[in-house]
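This report goes through several sites in one protein chain, one after another. Please keep the sequence and the structure in view while reading.

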Amino acid sequence: MLYLDYLLSPWLFNVPKIKISNISLNSKLIIGGDLFVAKLGYNVDGRNYIIDALIRGASAVLVEINNLFLDTYIIYFGDVPIIYFLNLSKKLSFISQRFYPISNKLRLIAITGTNGKSTISHLIAQWVVLLGNTGAVMGTIGNGIYGDLCPSINTTESAVEVCKMLYRFSKQKADIVSIEVSSHGLVQNRVLSLPFTAAIFSNITIDHLDYHVDMKRYIKAKWLLFSKHDIDISIINIDDDVGKCWVKKISRVVCVTTNRNLFFGKNEYWLKLDNVKYNFNNTIIYFDSFWGKGIFSTKLIGKFNVINILLSLATLLWMGYSLTDLISTAKFLKPIVGRMEMFHSTNKPTVIIDYAHTPDALKKSLISARFYCKNKLWCIFGCGGDRDKSKRSIMGSIAEQLSDYVVITVDNSRYENPIYIINDIKSGFTNKNNKKYFLDRLKAIFSTILYVDNEDLVLIAGKGHENYQIIGNRYVNYSDHLVVGEALKKRYSF
Ligand SMILES: CC(=O)N[C@H]1[C@@H](OP(=O)(O)OP(=O)(O)OC[C@H]2O[C@@H](n3ccc(=O)[nH]c3=O)[C@H](O)[C@@H]2O)O[C@H](CO)[C@@H](O)[C@@H]1O[C@H](C)C(=O)N[C@@H](C)C(=O)N[C@H](CCC(=O)O)C(=O)O
Ligand SMILES: Nc1ncnc2c1ncn2[C@@H]1O[C@H](COP(=O)(O)OP(=O)(O)OP(=O)(O)O)[C@@H](O)[C@H]1O
């Protein structure tokens, strides 16, 4: 509970003293005493719901406007002030943080990049827990104290929800929160007010061009985290060309690389891979860094997970965790749900479930999968509807080049006809050999697992942890994990 005049005092002085019990962007969630924020939406104009919010008992309304002359103008509906704000989307994170303050002991870590955000954020939270602290995460897999996550709507939730959750984590005495920050989240200022102890950049490759239009604008959106946010240190993957270019423009940075031939100055912060050994059940990592050298083994598999682990390690080292403790606990880090998760049992084919849904992720997961495959490599995947169409044919071409058999199926078709999506993927193929098509994902996976040889490996890409299929606007129960479990159970030993 807070008073409106105090809440808005950095921007306005003539605001009445009214008790506010909560902030909400959605009129449907307003209950008596709440502040309703009516913003210009991408689908609908939130200002159309002001009356709805008032009927439900809103005690004040903030309205986003484009007109400079109306900025900070207040009209009243009975006793309820309706306040016009220019650039409300830029102020909302600050307003929300004033309403939902966090302890200054809570350290926030932002993770951005096309791929690897969930993996890195979960690795950090897990590692922090292994070291005796309380870690929390916010991102695609869910939000909450590590081990007790609630499903998320967005990778990065709205400015209001982010602050609300941090307030809760702060009360739950979390020490560290790792927050996935999407490019949409940056453009929409969802984390603008947050003081980040560290900001991590994993990589940037083609994705989300339906929203950003071209790569230049997509990169510019990601750069917002490092140029317009409050950050103590940037932890940058310099194997990535964009990351390499950015470190020249950032003053406080830890450079992370898998290139052992790179050397760093005495005054630089750095961490590099010295050597790596990939085994069937684990990966052995040798590294060198500003903080010292080390070796550890991890249950995470897949080449790309090496840089994810190194970025997490560099962040925690910079934050003051001991090198010895980090090394001794690394072997307890668990693979992240739906990310290069391998299912292997004797006399049955090996199956990997991976969330790869971008061209680069699919390429890297297929390259990694090949390493664990003794015979033929099968790739089952689809592409999302109403999202970046430009990646579909590229993913088709990658799957054709890097696997022996390709099975195309559906993956969150939303309002698009799945046949058109499949045709877009097909347009990336150079021939018709070794391809199968299924409009039913369950059948695609079930029949493939029953059909393949014991020595084959089936990579199922795209849905990872998701336990639904989005058709139209309906979330229909569906899980790759359950289907794989049933299919492997059903398969008799050859
Ligand atoms: C296109 C887009 O980014 N939309 C995001 C945006 O929604 P919006 O505010 O424009 O929504 P809108 O439907 O036009 O509604 C406008 C306003 O009217 C309000 N309203 C609406 C109906 C009503 O009855 N009453 C009411 O008050 C809404 O609550 C909203 O405040 O702001 C919302 C709050 O932050 C987001 O949840 C929403 O994400 C939608 C669901 C979405 O699908 N976004 C995707 C594209 C996205 O953001 N993806 C990224 C990256 C994911 C990845 O890396 O793969 C993410 O961070 O999730
Ligand atoms: N460092 C990396 N480089 C390239 N690909 C990666 C990397 N890390 C993970 N991937 C691939 O991306 C997929 C998604 O990984 P993860 O969920 O960690 O990324 P994300 O950035 O959170 O994705 P999203 O924002 O879409 O949820 C993985 O299943 C894997 O195929």
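Apart from neighbours within four places in sequence, Leu86 is in contact with Ile65, Asn66, Asn67, Leu68, Asp71 and Lys91. The model shown here is predicted. Leu86 belongs to strand 7, which covers residues 80–86. Its relative accessible area is 16%, and Leu86 is therefore buried, since buried means under 20%. In sequence, 22 residues separate Leu86 from Glu64, yet the C-alpha atoms of Leu86 and Glu64 are 6.0 Å apart in space.

**The annotated sites**

An unreviewed UniProt entry lists a "binding site" made up of Gly113, Thr114, Asn115, Gly116, Lys117, Ser118 and Thr119. Two of these residues, Gly113 and Thr119, are described here. Gly113 lies in the loop that runs between strand 8 (107–112) and helix 4 (117–130), while Thr119 is found in helix 4. Gly113 has a relative accessibility of 0% and so counts as buried. Thr119 is also buried, with a relative accessible area of 5%.

With neighbours within four places in sequence set aside, Gly113 has contacts with Phe201, Ser202, Asn203 and Lys222. On the same basis, Thr119 is in contact with Leu300, Asn305, Asn308, Ile336 and Arg339.

Lys222, one of the contacts of Gly113, carries an annotation of its own. UniProt places the feature "modified residue: N6-carboxylysine" at Lys222, again in an unreviewed entry. Lys222 sits in helix 8, residues 215–228. Its relative accessibility is 1%, so Lys222 counts as buried. Beyond its neighbours within four places in sequence, Lys222 is in contact with Thr112, Gly113, Thr114, Val181, Ser182, Ser183, Leu186, Ile204 and Trp246. Gly113 and Thr114 in that list are also among the residues of the UniProt "binding site".

**Residues with positive phi**

Most residues other than glycine have a negative phi. Which value does phi of Met340 lie near? Phi of Met340 is near 45 degrees, a positive value, and Met340 is not a glycine. Thr72, also not a glycine, has a positive phi of about 65 degrees. The table sets out where Thr72 and Met340 lie and how much of each is accessible.

| Residue | Phi | Loop | Relative accessible area |
|---|---|---|---|
| Thr72 | about 65 degrees | between strand 5 (60–65) and strand 6 (74–77) | 27%, partly exposed |
| Met340 | near 45 degrees | between helix 11 (323–330) and strand 19 (341–343) | 3%, buried |

**Two helices in contact**

How do helix 15 and helix 16 lie relative to each other, roughly parallel or roughly antiparallel? Helix 15 (residues 441–451) and helix 16 (residues 480–490) pack at an angle of about 30 degrees, and their axes are 9 Å apart. Angles under 35 degrees count as roughly parallel, and helix 15 and helix 16 are therefore roughly parallel to each other. Helix 15 passes helix 16 in a right-handed crossing.

On the side of helix 15, the contact is made by Arg441, Leu442, Ile445, Phe446, Ile449 and Leu450. They meet Asp480, Val483, Val484, Glu486, Ala487, Leu488 and Lys490 in helix 16. The residues of this contact divide into 9 nonpolar, no polar and 4 charged.

Methods:
Residues are numbered from 1 along each chain as its sequence is written. Chains are lettered from A and ligands numbered from 1 in the order in which they are written. This is a predicted model: local features need pLDDT of at least 70, side-chain atom pairs count only at pLDDT 80 or more; totals for chains, interfaces and linings use all residues. Side-chain values use heavy atoms; hydrogens and water are left out. Axes are lines fitted to C-alpha atoms, for helices over the stretch in contact, and angles run from 0 to 180 degrees between N-to-C directions. Helices (H or I, at least four residues) and strands (E, at least two) are DSSP runs, numbered from the N terminus. Angles under 35 degrees count as roughly parallel, over 145 as roughly antiparallel, 65 to 115 as roughly perpendicular and the rest as oblique. A crossing is left-handed if the near helix is turned anticlockwise from the far one by less than a right angle, and right-handed if clockwise. Contact means heavy atoms within 4.5 Å. Ala, Val, Leu, Ile, Met, Phe, Trp, Tyr, Cys and Pro count as nonpolar, Asp, Glu, Lys and Arg as charged, and the others, Gly among them, as polar. UniProt positions are given in the numbering used here, feature names are shortened, and annotations may be inferred rather than shown by experiment. Buried means under 20% relative accessible area, exposed over 50%, partly exposed in between (1.4 Å probe, protein chains only).
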